[in-house]
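Here are my notes on this one, as promised. Have a look at the structure first, then read on with it open beside you.

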Amino acid sequence: EAGYEALAECQSKEALECCVQRVFSNLSDAHTTVSVGLDRNLIYPLNVFVDSGKPYIRAVDKVHAAALGKEIIRMNGRSMNRIWEEFGRVMSCDNENYFWEKVPNLMQFYSFWVQTSCSAPDSLLRLSLADGTEIALKPMKQSELQVQWLNVAPSGHWIRGNRRQPFLYKILPDRPVCYLQFNACTDRGSLYAQYAQTKGEVPDEVKKQLEQVPRFDEFLRQMFRDMATHQVKTLVIDVRDNGGGDSRLCQLLLSWLKPEAERKQGTVWMRCSELFKRQYPALSESFARYFAEHRQVYSSDTLYNAADITLPETGPESSPIVAALDTFFASPSPAVANFDGEVIFIQNRGTYSSAGLLVVEAVDNHIGKVIGDCSAYKPSSYGDILFWRLPHTGVQGTVSHKLFLRPDRSQGTPASLCPDVLIPTRWEDVSAGRDACWEWVLQHVK
């Protein structure tokens, strides 16, 4: 009742968005959120990195370039603890690490500040710095921004390559190590399956466009072939800043490390709501046929174990989604797979969703070790978003429709997965261009 009373007081779409988001913020599910309209014509020329709750300036209006690298201790006269508390009320986060990862980007938007009690009447953002100086920033149009970044060049040992490619690998010339940079859980097969799920049969012109996107199965086959040629003993899988995508790519990678028959699998529960049926009509029709054939009720109010739903693979009722899976996500034969060397996963606060599921399943199946930050994802979590929109106000957002439970349920439900070797991303390393995780790898594998 208190929630409805609060909604009754909303006099604008923005107020309604804020009110609903404050409810979602209590769910500890970053996938369920209001898509607040962030005005990109009112941006503060500021970017920060947060280390242990302390924000440091990475970029700022060039007029205030002298502030680069300095710590902010107050904003608009409020302590940073007060600022974080206010922002936490209007953000959907799995845990505290997710908050620290996402809050710097949102702080740039004036329209985000006005959802809190910390915005100033004159719209200025006043920063009090640790050295006693102060600067004031005004929101600007994107076309007017003149931002200067802290000049940071990679120092010491640096390995990370092109972030625009979904995946790439390097075999070190001076030691038996292969480095896999897994930037995104996306490839030709995942895009093909996504099209089939939402629209049905994939036309030839779309297939031709998708041919420009690399296939993860072919990529892995080539990588492990090169690893065998070079007698690689250690595989480093870097999923830092991998925000997820299609978890089937992760299953494919794991199948090269341990046969599927020998791995404990997580459990996926899903709800086939009316929203799900509208967003995935082709997939929903396949589900409806399955339930009809098995004389089961296809209900919007039931949680289904996804492993119990098998779609037809051949014949006139064959699903285009299944055809896509058979083409792109078939597990390699145990005779050619199963790398038996050392495996090291690197994660940071930017590792999320499907990439997080990859690390969790590896941990629960005793595949390698994990180094880096404590995770921004939960080992068991909600996910796989549906898009919603309220018909009268136009308020829109996303909501989870699946529950992913980790393979080893005896580990409980911690808010975060902590690595075997904790190497937190520190400001002193970021500002110096130092990759502490990769330096640990080189010291570990000599």
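How many bridges join β9 to strand β10, and do the two run parallel or antiparallel?

1. Five bridges link them, and the two strands run antiparallel. To find the register, start at Leu-168, whose bridge partner in β10 is Gln-181. Residues 177-182 make up β10.

2. Before going further, a word on confidence. This is a predicted model, with a mean pLDDT of 90 for the protein chain and 94% of its residues at 70 or more. The stretch to watch is 313-317, where the pLDDT is below 50; beyond near neighbours in sequence, this stretch has five contacts in the model. Where pLDDT is low, the predicted coordinates should not be read in detail, so I'd leave those contacts alone.

3. Back to the pair from point 1. Both strands belong to an open sheet of six, ordered β9-β10-β11-β14-β15-β18, with mixed pairing. At its edges sit β9 (167-171) and β18 (421-422), each of which pairs on one side only.

4. Now the helices on that sheet. Helix α8 (residues 216-229) lies across β9, β10 and β11 (234-238), and runs at about 5 degrees to β9. Helix α9 (residues 247-257) also packs on the sheet: it touches β9, β10, β11 and β14 (342-347), and its direction makes about 165 degrees with that of β10.

5. There is also an open sheet of three strands, in the order β2-β3-β8, and here the pairing is antiparallel. β2 and β8 (147-149) are the edge strands, each pairing on one side only. On average, neighbouring strands in this sheet are turned by 35 degrees against each other, direction ignored.

6. Within that sheet, six bridges hold β2 and β3 (residues 54-61) in antiparallel pairing. A handy landmark is Val-48, whose bridge partner in β3 is Ile-57.

7. What do the buried residues of α4 pack against? They pack against β2 (46-51), α3 (80-88) and α5 (110-113), which ties this helix to the sheet strand from point 6. The buried set in α4 (residues 96-106) is Asn-97, Tyr-98, Phe-99, Trp-100, Val-103, Pro-104 and Leu-106. An α-helix has 3.6 residues a turn, so residues three or four places apart point the same way. That is worth keeping in mind when you look down the helix.

8. Last, the start of that helix. Asn-95 caps the N-terminal end of α4, with a side-chain oxygen 3.1 Å from the backbone nitrogen of Asn-97. Asn-97 is itself among the buried residues of α4.

How values were computed
Residues numbered from 1 in each chain as written. Predicted model: local features only at pLDDT ≥ 70, side-chain atom pairs only at ≥ 80, totals over all residues. Heavy atoms only, no water. pLDDT = per-residue confidence, 0-100. Contact = heavy atoms within 4.5 Å. Pairing = 2+ DSSP bridges. Helix = DSSP H or I, 4+ residues; strand = E, 2+ residues; numbered from the N terminus. Axes fitted to C-alpha atoms, helices over the stretch in contact; angles between N-to-C directions. Buried < 20%, exposed > 50% of the residue type's maximum accessible area, 1.4 Å probe, protein only. Polar contact = N/O pair within 3.5 Å; in protein donor to acceptor, adjacent residues only side chain to side chain.
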